[in-house]
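Here are some notes on the aromatic contacts, set down as numbered points for you to check against the coordinates.

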Amino acid sequence: MAKASPNRRAPRADTHRSPTFDYALDFRTVNFRDHPELYKVGRGEEGVLLVEPYKGEILPHWRFATPDVAQESSRAIYALFLGYKDRGDFVGMDMARKFLQMGYTRARRYANHKGGRKYGADGSVLPYKNDPVKAEAAAVFYTVWKQAEADPEYVRLKAEHKQKYG
């Protein structure tokens, strides 16, 4: 089993990675716009900080410090989602969806734990707190994430992609 970071729980042997997301790819060289067949949806936010050129296009817009910042960020990312949709680019749509989801989960983490640290040095879960500003920022992302995830064209293209490429 891999040694656990002092701020994280130890991963379970060979179960901390999704069998559906291929981490063996050389993400430094693969352009997923040119090779969508190599992209696997995975679970949740898997691969969100790996898949190019989308990471480079979306990451500069991803912020969640306050509700106003989250509103601006989620709008920009959703606009990218719609642009990918217009081009029939499922991988881009899914990556934008993942960034929206990550906006929600990270803002919730900061709402629940001061400084965003969930685990103490001993690996125990730190006490919860309630930061209403970060909670509101999370709610902004949640709404836009769910809007993207329910988009009929996204749902159709996701099913098509999974059937075609696994």
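1. In this predicted model, the count of aromatic pairs comes to 15. One of them joins phenylalanine 64 and tyrosine 110, whose ring centres are 5.6 Å apart with 55 degrees between the planes, a geometry that is classed as tilted.

2. Because phenylalanine 64 belongs to the loop between α1 (54-58) and α2 (67-86) whereas tyrosine 110 belongs to helix α3 (residues 90-112), this pair ties together parts that are 46 residues apart in sequence. As for solvent exposure, phenylalanine 64 is buried at a relative accessible area of 13%, while tyrosine 110, at 33%, counts as partly exposed.

3. A second pair, formed by tyrosine 142 and tryptophan 145, has ring centres 5.5 Å apart and planes at 90 degrees, and it is therefore edge-to-face, given that planes over 60 degrees apart fall into that class. Both residues lie in helix α4 (residues 132-150), where a spacing of three residues separates them by about one helical turn.

4. Within that pair, tyrosine 142 is partly exposed, with a relative accessible area of 37%, but tryptophan 145 is buried, with a value of 8%. The ring of tryptophan 145 also has the charged end of lysine 146 sitting over it, at 4.2 Å from the ring centre.

5. Which residues form one aromatic cluster? The members are Phe21, Tyr23, Phe27, Phe32, Tyr39, Tyr78, Phe81, Phe90 and Tyr154.

How values were computed:
Residues numbered from 1 in each chain as written. Predicted model: local features only at pLDDT ≥ 70, side-chain atom pairs only at ≥ 80, totals over all residues. Heavy atoms only, no water. Phe/Tyr/Trp six-rings, centres within 6.5 Å; stacked < 30°, edge-to-face > 60°. Helix = DSSP H or I, 4+ residues; strand = E, 2+ residues; numbered from the N terminus. Buried < 20%, exposed > 50% of the residue type's maximum accessible area, 1.4 Å probe, protein only. Lys NZ or Arg CZ within 6 Å of the ring centre and 35° of its normal.
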